[in-house]
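Subject: Structure for your review

Dear colleague,

Please find below the structure I agreed to pass on to you. I should be grateful if you would keep it open while reading the notes that come after it.

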Amino acid sequence: MANIETISEKTILHGIKDSFSIKKMSLIIHLFFFLLALFLSQTVMFDAAVPFLLPLWAIIKQRYENQRWMVLLGGMIGAVSLGLGQVLILALQLVLYELLTRFRFWKLPTSLAVALAILIGQFAWQTTLHFSIPPFIVQLYIYYEVVLAFFMTIFVQLFFVQPHQFWTKTWNYERVGAGLVILAMALTGMNSIVVSYFGLSPFVMHLAILIAAYAGGVPISAMISIIVGSLVGISELAFTGMIAVYGLTGVVAGLFTGLGRFGVVIGSMVPSLFFFFYDTTLPLDTVYFVSVLVAGVAFFAVPQSVFNFLQNIIHPKRDEVLLQRQQWVTENTKAKLETFQNFVVFLKELVFDRFTAIETVETVRKIEPATTCIGCFRYDRCWGIENNGMDDHIQNWFLAKTGVKTAEQTMAEEKIKIKCVKSTKLLEELDHQLYNDKINGEFYHGKKMIALQLRDLSNHLNKLMTEMESETLTFKTIEEELYHHLKRAQVQCFQIDILNNTLGERDIICSIAKKHQTSEEQHLLCERILLPILYEVFDEPFQVEKIIDQKHPFTHLQIRFRSAVRYEIDYDIYSKAKNWVSGDTHAIFHIHPGLVAVMLSDGMGQSREAQRESRRLVRLMRECLNYNMNPETAMHTLHYVMSLNREVDMYATIDFALVDLQKGDLWSWKAGSMSTYILRGERLIKVDGAAAPVGFMPVFSIETEKVKLLANDYVVMVSDGLFSGEHDWDEQEQYFIEILKNSIENDIPMDILLYDLMEQYQQRYEVDDDCTIMLFNVGHVVPKWSVFKPNNKFVS
């Protein structure tokens with residue numbers, strides 16, 4: 001209960017605080033419009049025209065309905081100070097304006113309606129006073145008032161935009177200029193407010209100059225002081241030296257912004273003191289100096305948040321605006337991608353997970369009695385105690401049917417006919433069963449292929465959303481961080497351009513002051529200072545691509561860095577065809593500078609068709625990788641494609657590996673291929689695979705093997721033609737590895753190692769089939785020279 005009461009009290013306190021803040025802000029807004037109307041209603045132009053309250057009323061009534069009564073109250077109080085006649089004139093003008101704006105059949109623009117209301121109201125009033133047409137000088141003042149009211153309506157309309165747009169709408173030059181005009185007219189109306197030695201007009205004017213100088217510097221403060229001072233002088237018909245006083249005050253105050261608020265206040269006093277002794281005709285009296293001193297004190301009380309807001313308006317931070325906009329785009333795009341990804345995951349589960357969870361596709365067939373056999377009188381002889389090997393014959397028939405040799409299929413059928421008295425019916429049932437198994441296998445594999453493709457799509461979406469979140473920080477933010485590190489290392493860098501920020505493909509240009517004349521000193525700077533800083537910032541090794549000595553616009557060095565790889569690969573390939581055409585196809589290529597793909601495919605046989613199938617498989621696999629498809633998904637897709645619409649039964653094995661040259665990892669996928677051998681000194685690592693060739697079996701599955709490579713590891717991939725079926729495979733494999741180790745220990749160059757090895761190997765075992773061997777070595781990338789740190793302990 002105590003906790004509940006405490007929470008309730010906190011909620012009530014927060015509610016009271018929020019309510020007080022809203023009421024406080026509402027009170028400030030009401031007071032602002034009241035005072036603005038009060039001062040504008042007291043502004044007299046040319047000692048005769050009072051044109052500024054009606055424009056304010058017209059715009060506020062349209063856009064700020066809650067403030068219209070405050071404007072009306074302030075305007076009437078201000079008009080009272082000018083006399084009862086001015087109150088009646090103002091009331092007449094307000095009535096005429098309301099009649100003109102409410103006329104149903106004729107809608108005038110606001111500025112014209114204001115001007116027409118003032119024209120009719122003044123002529124009616126002056127005609128009543130003079131009992132005739134007013135004199136020419138009176139008419140001239142009326143025309144002045146109409147024109148001023150017309151333009152003042154435009155200025156008020158530009159400045160006081162819709163309430164919800166007042167702070168968010170762009171502060172362009174037109175809007176700022178309109179605000180300065182309104183401020184100048186309000187200052188004119190403040191001239192009559194003097195309390196003892198304090199004058200409101202010089203106080204507000206000086207405070208505005210101080211705020212403008214501290215927030216915007218010399219240009220803004222000088223512009224505001226000269227414009228407002230000129231408008232005030234025009235309104236009083238006195239083009240005096242006060243314009244120079246205001247203008248010089250703004251310039252000097254802006255020059256002292258580097259000293260903070262105290263410097264701005266002291267600087268703003270210097271012009272007034274100078275003109276006090278220079279020109280005794282200026283109204284620089286006790287009231288003026290007291291008002292300026294009070295403005296200086298009030299300037300220290302202005303919150304810093306006000307200056308931050310004004311500085312953001314004058315000099316907007318485009319980077320923060322762009323960052324916020326990018327964050328908004330990222331969040332909205334991510335939300336849509338998440339919705340689409342959930343849909344993809346649902347389809348994946350619907351297509352594969354929910355249905356295949358209860359399905360099993362057997363790779364090893366279990367032979368059971370057929371329906372024909374169960375009703376046969378010889379059932380016990382074939383399947384019972386007196387088993388005559390019928391299950392073995394049926395097993396061999398299934399194996400022969402999945403092969404391509406017609407002779408084996410015919411032999412298997414003949415053996416069944418010899419054993420079975422109902423062989424025709426049994427073979428028809430077995431054909432039907434084989435057909436159903438094939439359809440079920442293809443259906444299962446099709447679902448799995450689609451599920452893997454959907455999984456890849458989901459992974460791509462995950463990667464995209466991660467990149468969008470991580471890239472919310474712009475390149476400029478990263479450039480600033482890198483600049484900070486270089487500055488801490490006392491490197492005079494004046495420009496950093498990140499052309500590409502993708503891991504493994506980064507491209508960075510640094511422009512630094514030319515303090516090192518020789519090429520050796522420049523490379524020493526890069527190796528000792530710049531490259532370690534880049535590694536610390538990006539957690540990735542870099543290399544110097546080029547150093548350019550630039551002369552324009554001034555002498556400096558432009559250094560370009562690119563992502564470097566930790567390992568390099570050296571390879572050689574041995575290929576031999578039994579006949580004129582080899583069914584083996586191989587490929588080794590870079591997907592990007594840090595990733596190498598190695599492929600070896602073996603078509604069935606030694607014909608051109610076998611060569612075509614292996615080349616087709618390698619080409620399609622390469623295209624899938626170019627589209628960033630997952631290798632497992634790619635192999636399932638190719639199996640499905642190659643198993644459709646076959647005119648002849650042609651299959652191909654594939655041995656596929658990816659080598660990461662940055663992390664030193666090797667991923668291996670095998671479909672019917674031989675083992676991969678990794679030699680690490682005296683140690684031998686074998687990577688095997690149990691999957692069938694691509695397009696061979698209805699059911700296809702593949703596994704991924706990952707091995708961590710070390711420097712000076714040798715990786716060997718071979719086709720099945722290396723080992724002969726006439727000799728023991730283990731003995732051939734052992735002899736091959738033994739020769740390979742001896743060749744590596746003898747430091748035989750890579751370009752002749754395989755040919756020397758195969759010459760020795762064929763002296764004992766003849767290679768009577770298409771044979772391809774791929775050998776590659778992984779080693780550290782060693783620069784031309786490198787820095788090392790000696791150990792603390794030395795062995796004597």
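The notes below begin with the chain as a whole and then turn to individual residues and elements.

Please bear in mind throughout that this is a predicted model.

**The chain as a whole**

The chain has 796 residues, of which 42% are buried. Its secondary structure consists of 24 helices and 16 strands. Among contacts with a separation of 6 or more, 67% join residues that are 24 or more positions apart. The exposed surface of the chain comes to about 44600 Å², and 59% of that area is supplied by carbon and sulfur atoms.

**Aromatic residues**

The count of aromatic pairs in the model is 30. One of them is formed by Y64 and F160: the ring centres are 6.1 Å apart and the planes meet at 85 degrees, so this pair is edge-to-face. The pair links distant parts of the chain, its two members being 96 residues apart. Y64 belongs to the loop between helix 2 (53–63) and helix 3 (68–80), whereas F160 belongs to the loop between helix 6 (136–159) and helix 7 (173–190). Both Y64 and F160 are buried.

F160 also pairs with F159. Here the ring centres lie 5.0 Å apart with the planes at 90 degrees, so this pair too is edge-to-face. F159 is buried, as is F160.

An aromatic cluster is found at higher residue numbers, made up of F723, W729, Y735, F736, Y761 and Y765. One member of this cluster, Y735, also has R764 over its face, at 4.0 Å from the ring centre. A further arrangement of this kind involves R261, whose charged end sits over the ring of F299 at 5.7 Å from the ring centre.

**Two residues with positive phi**

Most residues other than glycine have a negative phi. Two residues may be viewed against that background. F131 is not a glycine, yet its phi is positive, at about 55 degrees. F131 is located in the loop between helix 5 (110–130) and helix 6. Its relative accessibility is 75%, so F131 counts as exposed.

S196, likewise not a glycine, has a positive phi of about 55 degrees. The loop that holds S196 runs between strand 1 (194–195) and strand 2 (198–199). With a relative accessible area of 62%, S196 is exposed.

**Helix 17**

Helix 17 covers residues 406–419, which makes 14 residues. From its first C-alpha to its last it reaches 21 Å, close to the 20 Å expected at 1.5 Å a residue. Which residues of helix 17 are buried? They are Q409, A412 and I416. These residues cover an arc of only 65 degrees around the axis, which means that they are on the same side of helix 17. An α-helix has 3.6 residues a turn, so residues three or four places apart point the same way. On the other side of helix 17, the exposed residues are T406, A407, M411 and I418.

**Helices 4 and 5**

L99 is part of helix 4 (residues 84–101). Its relative accessible area is 56%, so L99 is exposed. The C-alpha atoms of L99 and A113 are separated by 9.7 Å, the two residues being 14 residues apart along the chain.

L112 is part of helix 5. Its relative accessibility is 41%, so L112 counts as partly exposed. L112 and L100 are twelve residues apart along the chain, and their C-alpha atoms are separated by 10.0 Å.

**Q611**

Is Q611, a residue of helix 21 (residues 608–626), buried or exposed? Its relative accessibility is 16%, so Q611 counts as buried. Leaving aside residues up to four places away in sequence, Q611 touches V581, S582, G583 and T585.

With kind regards

Technical notes: Residues numbered from 1 in each chain as written. Predicted model: local features only at pLDDT ≥ 70, side-chain atom pairs only at ≥ 80, totals over all residues. Heavy atoms only, no water. Helix = DSSP H or I, 4+ residues; strand = E, 2+ residues; numbered from the N terminus. Buried < 20%, exposed > 50% of the residue type's maximum accessible area, 1.4 Å probe, protein only. Contact = heavy atoms within 4.5 Å. Areas by Shrake-Rupley, 256 points an atom, 1.4 Å probe, with all protein chains shown as cover. Phe/Tyr/Trp six-rings, centres within 6.5 Å; stacked < 30°, edge-to-face > 60°. Lys NZ or Arg CZ within 6 Å of the ring centre and 35° of its normal. Expected span 1.5 Å × (residues − 1). Arc of directions from axis to C-beta.
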